[in-house]
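Colleague: I have just opened this structure and would like some help reading it. Could we go through a few features together?

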Amino acid sequence: MITIKSAREIETMAAAGRIVAATLALVARHVHPGVSTAELDRLAEEFIRSHPGARPSFKGLYDFPATLCTSINQEVVHGIPSRERVLRAGDVLSVDVGVWLEGLHADSAATFPVGDVGDEARRLLRVTQEALAAGIAQARAGQHVGDIGHAVQQVAEGAGYSVVRELVGHGIGASFHEEPQVPNYGKPKRGPRIVSGMTLAIEPMVNVGGPEIRTLDDKWTVVTQDGSLSAHFEHTVAILENGGPPRILTTAN
Ligand code: MG
Ligand code: MG
C-alpha cells in the first residue's frame, strides 16, 4: 500500500531529513585516509542520538548492526562499518544513513572521494549525482514511477555506466521501506502514478562496469560482480500538489 503523508508528517520527515543531512556532512568532514569505517559510524550514531526523539533507522533494521552502511570502491551498498576497514587515499566511500524521528524516517546516501581519486572515480561520482537529479526532477504529481527510473537510467547509461537492478528506491514514512518500489531503470508512463503527499527515497546505484551484483559471505555487503567501482547517491523527497519538482527532505535547509 502506498501511504500519503499529511503536511504535518512531511514536516516531521523534513526534520528527520535535516538530521540525516547534518550526519552526512559530519561524516564527510571525517573522511580521510587512515580513518576506519567504525569510527565514522560511532561519530554518526552519537550525533544522531544527541537530537531528542531521534535514533538511527538502520541499527536493528532487519538485524543490521550499525548506524551507517559504509561501502568502499566495488562495494555497492550495505557495507558493515568495521575497525578493520581503514580508508586509503584513492578510495571512494558510499555512506548511507537513515534517521527515525517521532515515528517517521528519512533516508539519504552520498559517495565521497578519499583524498585524491582518479578521473574515473570523479566522473562516476558526478554522473551518479546527475542521475539522481534527473530522477528527482521526474518525481512530480501526474508522472509515473517509471519516469523516475527512465531518467536515472538515461543519464547513467548515457555516460557508459550501468545501473543496479536488484536493489531499488522505495516509499518511506512510518516504515523505512514502503511501497512503491522505485527502480533505477524503467519506461516512461509505466508503473504507479505519482501523487502529492507521497514520500520517496530515490537512490541510483551506478557501476562503472556491468550491472551484476553479488552479496558477500557476511550476508550484507553487496559488491559488483566484475569488481568495478560503484557509487550511490540518495535523497528522500516529498511530492508536491502543484506538479512541480518535489521538496527534497534530506537537506540542511
Ligand atoms: Mg539509504
Ligand atoms: Mg533508501
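Modeller: Happy to, and please keep in mind that this is a predicted model. Let's begin at the end of a helix: α4 is followed by Gly 160, whose phi is positive, near 90°.

Colleague: What length should the 14 residues of helix α4 span, and how far apart are its end C-alpha atoms?

Modeller: The idea is to count 1.5 Å a residue and compare the result with the model. For α4, residues 145-158, the expected span is 20 Å, and the end C-alpha atoms are 20 Å apart, which agrees.

Colleague: Which residues of α4 are buried?

Modeller: Here we look for residues under 20% relative accessible area. In α4 these are Val 145, Gly 146, Asp 147, Ile 148, Gly 149, Ala 151, Val 152, Gln 153 and Ala 156. They pack against helix α3 and the strands β6, β8, β9 and β10.

Colleague: Two of those strands bring me to sheets. In what order do the three strands of the open sheet come?

Modeller: In general, strands of a sheet pair through backbone hydrogen bonds, either parallel or antiparallel. In this sheet the order is β6-β10-β13, with antiparallel pairing. Strands β6 (162-163) and β13 (230-232) are at the edges with a single partner strand each, so one side of each has no neighbour in the sheet.

Colleague: How many bridges join β10 and β13?

Modeller: Three bridges, in the antiparallel sense, with β10 covering residues 205-207. To see the pairing, find Met 205, which stands opposite His 232 in β13. Then look for helix α3 (residues 119-137): this helix lies across β10 and β13, at about 35° to β13.

Colleague: Now the metals. Which residues coordinate the magnesium ion (ligand 2)?

Modeller: To read a metal site, list the donor atoms and then see where their residues sit in the chain. For ligand 2 the donors are Asp 107 (OD), His 170 (NE2), Glu 203 (OE) and Glu 234 (OE), at 2.0 to 2.2 Å. Their spacing in sequence is D-x62-H-x32-E-x30-E. Asp 107 belongs to strand β5 and Glu 203 to the loop between β9 and β10, so this pair ties together parts that are 96 residues apart in sequence.

Colleague: And which protein donors does the magnesium ion (ligand 1) have?

Modeller: Asp 96 gives two OD entries, and Asp 107 (OD) and Glu 234 (OE) complete the list, at 2.0 to 2.6 Å from the ion. The spacing of these donor residues is D-x10-D-x126-E. Asp 96 is in strand β4 (residues 92-101), while Glu 234 is in the loop between β13 and β14, so the pair ties together parts 138 residues apart in sequence.

Colleague: How far apart do the two magnesium ions lie?

Modeller: They lie 3.2 Å apart, and Asp 107 bridges them.

Colleague: Are the donor residues Asp 107 and Glu 234 buried or exposed?

Modeller: Asp 107 counts as buried at 1% relative accessibility, and Glu 234 does too, at 0%. Asp 96 is buried at 8%, and Glu 203 at 6%.

Colleague: What does the side chain of Ser 108 reach?

Modeller: For a single residue, check its place, its burial and its contacts. Ser 108 lies in strand β5 (residues 104-113) and is buried, at 2% relative accessibility. Its side chain reaches the backbone oxygen of Glu 234 at 2.7 Å. Among the residues that Ser 108 touches are Val 20, Leu 24, Asp 96, His 235 and Thr 250.

Conventions: Residues are numbered from 1 along each chain as its sequence is written. Chains are lettered from A and ligands numbered from 1 in the order in which they are written. This is a predicted model: local features need pLDDT of at least 70, side-chain atom pairs count only at pLDDT 80 or more; totals for chains, interfaces and linings use all residues. Side-chain values use heavy atoms; hydrogens and water are left out. Helices (H or I, at least four residues) and strands (E, at least two) are DSSP runs, numbered from the N terminus. Buried means under 20% relative accessible area, exposed over 50%, partly exposed in between (1.4 Å probe, protein chains only). A polar contact is a pair of N or O atoms within 3.5 Å; within protein, one must be able to donate a hydrogen and the other to accept it, and residues adjacent in sequence count only if both atoms are side-chain atoms. Contact means heavy atoms within 4.5 Å. Two strands pair if DSSP finds at least two bridges between them. Axes are lines fitted to C-alpha atoms, for helices over the stretch in contact, and angles run from 0 to 180 degrees between N-to-C directions. The expected span of a helix is 1.5 Å times one less than its number of residues. Donors are N, O and S atoms within 2.8 Å of the metal (3.2 Å for Na, K and Ca); water is not among the atoms, so sites may look incomplete. Lists of a residue's contacts leave out its neighbours within four places in sequence.
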